[in-house]
Amino acid sequence: MRTLQISLGAVVLLSSAVFALATGGAVAQQAAPTDKMPMDHQKMMQMHGQAGMDGASTPTSPGQDAFGAVQEIVRLLEADPKTDWSKVNLEALRQHLIDMNEVTLKADAVATPVDGGVEIAISGSGRTLAAIQRMVPAWAATMNGYKGWITKVVALPTGDLLTVTAADPREVAHVRGLGFIGLMASGAHHQPHHLAMAKGEFDPAGHHHP
Ligand SMILES: [Cu+2]
């Protein structure tokens with residue numbers, strides 16, 4: 001799949017070149033315009049013609065979001081000459097992405113306002129439960145102290161009871177408003193950790209990140 005390895009920059013350059021060519025072609029054809037067909041449409045048709053020849057019409061959507069996340073990581077690893085391929089562990093990343101999928105799409109989350117914040121019962125079964133047990137305590141350990149939040153997790157038979165409180169009234173409203181998935185998505189720590197996981201530098205089951 002060589003075309004997939006073309007860097008974004010190269011694709012952008014290619015597209016510009018194709019566009020320039022297409023524009024030139026369209027202008028040449030303007031000698032006898034068909035009136036009915038808008039200029040933009042002509043350009044587009046020209047571009048499609050050109051693209052078919054040099055492969056610039058290759059679609060960019062990976063078709064699946066976790067697949068796309070892996071693809072991005074593979075690109076970064078391949079672009080870095082310091083990558084130690086003997087340590088690379090994309091299966092660890094894939095398992096974590098499955099956890100993220102379970103927690104995001106399948107876990108049940110019931111939020112209740114409590115004094116100073118919110119309490120959320122997160123539950124599921126099977127793979128969803130395993131994902132909750134890996135991700136929620138890890139999130140709480142990472143985010144305790146972030147924006148003055150106090151995070152606590154109590155294990156439940158079918159999941160975790162997460163409590164997030166704060167002293168600042170604005171943060172109280174903030175954590176209540178964020179709710180389960182907003183809290184889980186806060187901090188943007190996933191992207192760097194995904195790369196670390198893929199490099200075999202990060203154990204998703206036993207952390208404490210900075
Ligand atoms: Cu993640």
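Two strands pair if DSSP finds at least two bridges between them. In this predicted model, proline 113 has valine 118 of β2 as its bridge partner. The legends below take the structure view by view.

**Figure 1. Overall composition of the predicted model, with 8 helices and 4 strands.** Read from the N terminus, the elements follow the order α-α-α-α-α-β-β-α-β-β-α-α. The protein has 210 residues, of which 20% are buried. Among contacts with a separation of 6 or more, 60% are between residues 24 or more positions apart.

**Figure 2. The open sheet, with its 4 strands in the order β1-β2-β4-β3.** The pairing in this sheet is antiparallel. The edges are occupied by β1 (108–114) and β3 (150–156). Each of these has a single partner strand, so one side of each is left without a neighbour in the sheet. Neighbouring strands are turned against each other by 15° on average, direction ignored. Strands of a sheet pair through backbone hydrogen bonds, either parallel or antiparallel.

**Figure 3. Close-up of the hairpin formed by β1 and β2.** The two strands run antiparallel and are joined by 7 bridges. Between them lie 2 residues. Glycine 116, in the turn, has a positive phi of about 80°. Along the pair, proline 113 is bridged to valine 118 in β2, and aspartate 108 stands opposite serine 123 in β2.

**Figure 4. Close-up of the pairing between β2 and β4.** Strand β2 (residues 117–123) and strand β4 (residues 159–165) are paired in the antiparallel sense over 7 bridges. Glutamate 119 has threonine 163 of β4 as its bridge partner. Serine 123 stands opposite glycine 159 in β4; in the pairing with β1, serine 123 of β2 is opposite aspartate 108.

**Figure 5. Helices α6 and α7 against the strands of the sheet.** Helix α6 (residues 127–143) lies across β2, β3 and β4. Its direction is at about 20° to β4. Helix α7 (residues 169–185) lies across β1, β2 and β4, and runs at about 15° to β2.

**Figure 6. Close-up of lysine 147, in the loop between α6 and β3.** Lysine 147 is not a glycine, yet has a positive phi of about 55°. A residue with 20 or more other C-beta atoms within 10 Å counts as buried, and one with 12 or fewer as exposed. Lysine 147 has 13 other C-beta atoms within 10 Å and is therefore partly exposed.

**Figure 7. Close-up of the crossing between helices α4 and α8.** Two packed helices are described by the angle between their axes and the distance between the axes. The axes of α4 (residues 65–79) and α8 (residues 190–198) come within 10 Å and cross at roughly 65°. Angles of 65 to 115 degrees count as roughly perpendicular, and α4 and α8 are therefore roughly perpendicular to each other. The crossing of α4 past α8 is right-handed. On the α4 side the contact is made by Ala69, Ile73, Leu76 and Leu77; on the α8 side, by His194, Leu195 and Ala198. These contact residues comprise 6 nonpolar, 1 polar and no charged.

Note on methods:
Residues are numbered from 1 along each chain as its sequence is written. This is a predicted model: local features need pLDDT of at least 70, side-chain atom pairs count only at pLDDT 80 or more; totals for chains, interfaces and linings use all residues. Axes are lines fitted to C-alpha atoms, for helices over the stretch in contact, and angles run from 0 to 180 degrees between N-to-C directions. Angles under 35 degrees count as roughly parallel, over 145 as roughly antiparallel, 65 to 115 as roughly perpendicular and the rest as oblique. A crossing is left-handed if the near helix is turned anticlockwise from the far one by less than a right angle, and right-handed if clockwise. Two residues are in contact if their C-beta atoms, placed from the backbone, lie within 7 Å. Ala, Val, Leu, Ile, Met, Phe, Trp, Tyr, Cys and Pro count as nonpolar, Asp, Glu, Lys and Arg as charged, and the others, Gly among them, as polar.
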